[in-house]
Amino acid sequence: MGLGIIGWIVIGIVAGWLAEKVMGRNHGLVTNLIVGILGALLGGFIAQNLLGVPVGGFNIVTLLVAFGGAVLLLFLLGLVKRRA
C-alpha cells in the first residue's frame, strides 16, 4: 500500500521536527515539512539503493528513514553554511 499525499505530509512534518530537535535547530512548520520530505527522499534513496532496505507505507521504518535523511540533510546544509 502506497503513501498518499497526506501521509507524506505527516511523515515529513514529524521527521523534520525530530531532525530539528536532534540537530539543535529552530525552524518553523513549513521548513520542517520541506526538510522532512526532502529528507525522506534522500533517506529513501540511500535505504533502497545502497542498503537494500525496502521503504514504503505509513510505518515506523518509513519514519526512521525520513528522519535519518532529514538529519543528514540538515548536517550537510550546516557544512555548506559554515563554508559560505
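Helices here are DSSP runs of H or I with at least four residues, numbered from the N terminus. The model shown is predicted.

**Figure 1. Helix H1 and the turn of backbone just after it.** Helix H1 covers residues 5–23. It has 19 residues. From the first C-alpha to the last it reaches 26 Å, close to the 27 Å expected at 1.5 Å a residue. Seven names make up its buried set: Gly7, Ile11, Gly12, Ala15, Gly16, Ala19 and Glu20. The cover over these buried residues includes H2 and H3. Just after H1, Gly24 adopts a positive phi of about 70°.

**Figure 2. Glu20 and its salt bridge to Lys21.** Glu20 lies in helix H1. Because its relative accessible area is 2%, under the 20% cut-off, Glu20 counts as buried. Its partner Lys21 is partly exposed, with a relative accessible area of 46%. The two side chains meet in a salt bridge at 3.7 Å, N to O. A search of the whole structure finds one salt bridge. Setting aside residues up to four places away in sequence, Glu20 touches Arg25, Asn26, His27, Gly28, Asn32 and Leu74.

**Figure 3. A nonpolar patch on the surface.** Six residues build this patch: Ile5, Ile6, Trp8, Val10, Val14 and Phe58. Together they present about 590 Å² of accessible area. Ile6 belongs to helix H1. Its relative accessible area is 60%, which means that Ile6 is exposed, the cut-off being over 50%.

**Figure 4. Helix H3, its cap and its buried residues.** Helix H3 runs over residues 60–83, 24 residues in total. At 1.5 Å a residue, H3 should span 34 Å. The C-alpha atoms at its ends are 35 Å apart, so the expected and modelled spans agree. Asn59 caps the N-terminal end of H3. One of its side-chain oxygens lies 3.2 Å from the backbone nitrogen of Val61. Buried residues of H3 are Thr62, Leu63, Val65, Ala66, Gly69, Ala70, Val71, Leu73, Leu74 and Gly78. What covers them includes helix H1 (5–23) and helix H2 (29–50). An α-helix has 3.6 residues a turn, so residues three or four places apart point the same way. Among the buried residues of H3 are Thr62, Ala66 and Ala70.

**Figure 5. Phe45 of helix H2, viewed with Gly69 of helix H3.** Is Phe45 buried or exposed? Phe45 is exposed, because its relative accessible area is 51% and the cut-off is over 50%. Its place is in helix H2. Gly69 is buried, in H3. Along the chain, Phe45 and Gly69 are 24 residues apart. In space, their C-alpha atoms are separated by 9.1 Å.

**Figure 6. Gln48 and its contacts.** Gln48 sits in helix H2. With a relative accessible area of 42%, Gln48 is partly exposed. Which residues does Gln48 contact, leaving aside its neighbours within four places in sequence? They are Val53, Pro54 and Val55. Val61 is 13 residues away from Gln48 in sequence. The C-alpha to C-alpha distance between Gln48 and Val61 is 12 Å. Val61 also appears in Figure 4, where its backbone nitrogen faces the capping oxygen of Asn59 at 3.2 Å.

Notes. Residues numbered from 1 in each chain as written. Predicted model: local features only at pLDDT ≥ 70, side-chain atom pairs only at ≥ 80, totals over all residues. Heavy atoms only, no water. Helix = DSSP H or I, 4+ residues; strand = E, 2+ residues; numbered from the N terminus. Expected span 1.5 Å × (residues − 1). Buried < 20%, exposed > 50% of the residue type's maximum accessible area, 1.4 Å probe, protein only. Contact = heavy atoms within 4.5 Å. Polar contact = N/O pair within 3.5 Å; in protein donor to acceptor, adjacent residues only side chain to side chain. Patch = residues over 30% accessible without salt bridge, like charges linked within 9 Å, V, L, I, M, F, W, Y side chains within 5 Å. Areas by Shrake-Rupley, 256 points an atom, 1.4 Å probe, with all protein chains shown as cover. Salt bridge = Lys/Arg side-chain N within 4 Å of Asp/Glu carboxyl O.
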